[in-house]
Amino acid sequence: MNSPRADVVIPELLQGQWTTALICTYGADLTFFETRLLGQLAQIPLRIVLADDGQLSETLAESARTGQRRRLANKAYVAAPVRHPRAAHGKLIALLGPSSGLLVVGSGNLGYEGYAAPGELWHVYAYSDERSEHLQEFASARAHIDGLAQRGVLDPPVVELLQTAWGQSPWIPPAPDSPSALRSSLDDPVIDQLRAEVDGPVDELIAHAPFHDADCAALRALIEQFQPKRTRLLLTDATSADPVSIQNVMRNAPGPVLERVQVKSEPSAYIHAKWVHLIQGDSETLLTGSANLSRTALLRSAMNGNVELSVINHGERGAFDSLYSHLERSKIGDPASLKISYQGAPPGERVEEPHPVLLWSRLDGARLTLAFDRSIPDGTSIVVEDHAGRPLEWTSTEIDGAQVRLALARESADRLAEGGRIQVMLDGDDRQISHSWPYHVAQLRGRLERVGQRDRLQHVGDLPEQDAELYELLQELDATLIIDRASVWRIAKGNEPTPVATDDDGEPSIRLEDLDWTRVRRDHRYGGYFGRSGGPGAAPTDIQVILAAIAGRLGEIGLEAVNPSEAEDELAHEGDTTSSEGDDEREDELEDELLRRRLPVSTRTRMAFDRFSRRYSEALADSGFIEELGPIPAATNAIIFNHLLARLVERSAISPLVALDAQLGTWAFLWGSPDIAGIAEGLDDEAAEVVRQVLREGHAKVATVRGLAAAADGPASGQDVARLRELTQHLLVDEDFSLSPDLLEESVGAAAMASGLLDSLSRAASPQGPTDILDVVVGGLGIARGSAHWRKETVRRARANYDATTLVVTETLPGLTPALATEMLGRVVVAASFAGHPGEYWRIRFEGNGSAVAFWDADAEDGIVMVDGDDEDLDALAVPWPSWMSKVELLREELMQRSHVAASA
């Protein structure tokens, strides 16, 4: 028994590396599909959506009216009609692979309400070599879809692709050879199939559906067929039914009970699920699926009714009690008290147009095929325009009955190959205009030849221009990289819902001991971090694709970057791609709303990359996770994020403060900081050398130098400013990092620009604000920060008058001695350099200590310290220049020498 579930969130199931994703639906929200699901299906080469002809036609007509190109439709995925005279109402989702599959059958339509909101019921079936008990359900699903093809209600190009899909999953029989829970209405009415499954008297019939006939004929038929002792009808505030008809039927039903139902957790949720529950002595039978309580759904076969898909389950008494656990039920006396009404019958027979209508089109290279619903007379004038209204040109026309084949001019064929709709007008009559999205069969089928490859990963080096494409890159990165415990959970636990990142106490909710690391290390995603053996010509792993793209980008700095091959530019979204700031602190609250209201793609992209980067940052600080992951995958992730974060900042596709926090964590993780060791330290010699090789091949130092320099002029919080300064100072002098003129020139791409890069690094290492600069002098002395300030003064000296900037300390400094005053005077020289106070005369006045003062005249090479009447002459002043400043000056001199040599050569 496979009980229906009301807690299924379809997007959470759509993961994994399958070969085919097949969706049957009545209504199809293609915007939801493209913006919410397509990224999760990025690993699946063949994506097919089969929707009711009338519903899909309305969706595409709206796209045409509003000028939406929808260039992905029938190019990156199939959006095809089921041209059944009545409603094609069955709903299923099949994820198929060479030896396994996942099948979901239920009540929800393709859209947010159907796939991600409460109020639906779903059955989930899985098949693998180890779990083969649901093979018959998969066979029934195939038989249903093949049955549609055999009845001629699917377009021929779609039938071709379906045969390709079945060929990729040879384990699915063409038809079940034993009873299956999944039932189709193609041959027999649903009610007849249910009747055949029930033996003996029925104690109680419980029924719910959001739609009834005007006269409640289907409800009456159920009562007559099963003669229950009690009849319970469940209604909601949104049920489409005539209260008088309900009352008439229930008045004559045995043991009638009317109940109002709501979802407990969300009372306003629309309950779209349908079920007929038959309770017998010690057993129960449950019908769920797509069929409403209507004649065309329940009482007729597809010959003169709808196409429906249902599931019939049997169980012991009480087996389906969970069906009601999420519902709140209350008895009502009169259905009219709910203020419900009959909302009208769904569309019936299709109305035939008086002129030829374009059914489908197909692009094969330069040949465009137009298939109409009737023969086209010779001599018919045909005008075809692309999505932008530009006419297409062709060199020859062939009319063969209802099909027209055009040999397009190359420029016209190239335009159509980019995807999008066409408009066809016959005989110059604007009443004879049809719109169509051509099937790109070769391209759709060709994706199967690249199973295991990704379309966006190769663009990591030079990020896609469109925000929507960048968002799809994120989806592929999230499916490729193992960045945190949640990533591991998805590998180790399969389809089990991923727990939230942390619990209420801030501790990781996913415990390391709950994860099967042996299984993770066998997974291809983990193995991808170590390359792929197999000799020359072996396909690169996804990680290798990413690293190669990054290395290519870094190697082209200063030159025109060479973009990776476009392959198939298919994952863009329609919609706004303008930037939007938004509030980072509210992103978690907004997440639940992303499916309820349309945000600009740029906003969604930025929020998604913010979350992705935070996950990565938290994982860097998770020592247990890093230890289990291993140094090579951890270093590889750091290389990828080192580059990715910098590029995202350039694109304004991530919140700058989120990016900087992740960058600082990455740099410290790779190279160490004053407090922690770099990733290669502490490893044995062999492992350390492998990690260093990974860092070299990933150009990690180059990316770090560029990132540090860029961060010097970017926005930062106070804490991150201090972290950036401390880390830059460390890397300037760290022997293992070994910053050199060669590294500077490599990082900037041109020797002449290396000095400017060094200036940026110096700014990153230098204290910037007045408080930080004054801390150079008074920090650690226990006096208030506000007790020191700069004052401009004119100082008279025997040799000359100086315009000096004096550092004034207004608070009493306990224990002030000439030696301390002299030491602080040396620090004043350093602080004045940071503050940009030029000159050769420096002075510090201790007003809190009376007349205490110290100065140094560099021109005269003398000075004096006066403390408590004790005057001491200075004939030298030790200036405590930081070691990193000395390194900067050394590098500057070396760069200047190189410049002179180059100029004289």
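# A guided tour of the model

Start with the whole protein in view: residues 24 or more positions apart account for 74% of its contacts with a separation of 6 or more. Keep in mind that what you see is a predicted model. Zoom out until the full C-alpha trace fits the window; along its principal axes the trace spans about 120 × 70 × 55 Å. Now switch to a cartoon view, where there are 30 helices and 27 strands to find.

**The outside**

Next, turn on the surface. The accessible surface comes to about 38,500 Å², and 48% of it belongs to carbon and sulfur atoms. Of the 905 residues, 54% count as buried. Then colour the side chains by charge: you will find 85 positive and 139 negative ones. How far apart do the centres of the two sets lie? The distance between those centres is 5 Å.

**The nonpolar cores**

Hide the surface and go inside. The largest nonpolar core has 118 residues. Select Leu-477, Leu-481, Leu-695, Leu-739, Leu-744, Ile-844 and Phe-846, the members that touch the most others in this core. Stay with Leu-477 for a moment and show what surrounds it. Leaving aside residues up to four places away in sequence, Leu-477 touches Leu-457, Val-460, Ile-546, Phe-612 and Leu-644. A second core, separate from this one, has 43 residues; among them are Ala-80, Val-105, Tyr-127 and Ile-172.

**His-144 and its helix**

Now select residues 135–150, which form helix H5, and pick out His-144 within it. Is this side chain's residue buried or exposed? His-144 counts as buried, because its relative accessibility is 4%, and the cut-off for buried is under 20%. To see what lies around His-144, show Ser-184, Leu-186, Val-307, Glu-308 and Leu-309: His-144 touches these five, not counting residues up to four places away in sequence.

**A stop just before H5**

Step back along the chain to Glu-130, in the loop between strand S6 (122–127) and H5. With a relative accessible area of 68%, Glu-130 is exposed, since exposed means over 50%. Draw a distance from the C-alpha of Glu-130 to that of Ser-100: the two residues are 30 apart in sequence and 9.6 Å apart in space.

**Two residues with positive phi**

Go next to Arg-70, which sits in the loop between helix H3 (53–65) and strand S3 (78–82). Its phi is near 45 degrees, a positive value in a residue other than glycine. Arg-70 has a relative accessible area of 3%, so it is buried.

For another positive phi, jump to His-699, in the loop between helix H23 (685–697) and helix H24 (700–712). The phi of His-699 is about 50 degrees, although this residue is not a glycine. Here the relative accessibility is 23%, so His-699 counts as partly exposed.

**Last stop: the cysteines**

Finish by selecting the cysteines. How many disulfides are there? The count comes to zero, given that a disulfide needs a pair of cysteine sulfur atoms within 2.5 Å. Two cysteines to look at are Cys-24 and Cys-216. Cys-24 is buried, with a relative accessible area of 6%. Cys-216 is buried as well, at 0% relative accessibility.

Notes
Residues numbered from 1 in each chain as written. Predicted model: local features only at pLDDT ≥ 70, side-chain atom pairs only at ≥ 80, totals over all residues. Heavy atoms only, no water. Buried < 20%, exposed > 50% of the residue type's maximum accessible area, 1.4 Å probe, protein only. Helix = DSSP H or I, 4+ residues; strand = E, 2+ residues; numbered from the N terminus. Contact = heavy atoms within 4.5 Å. Areas by Shrake-Rupley, 256 points an atom, 1.4 Å probe, with all protein chains shown as cover. Lys, Arg positive; Asp, Glu negative; His and termini not counted. Charge placed at Lys NZ, Arg CZ, Asp CG, Glu CD. Core = buried A, V, L, I, M, F, W, Y, C linked by side-chain atoms within 4.5 Å.
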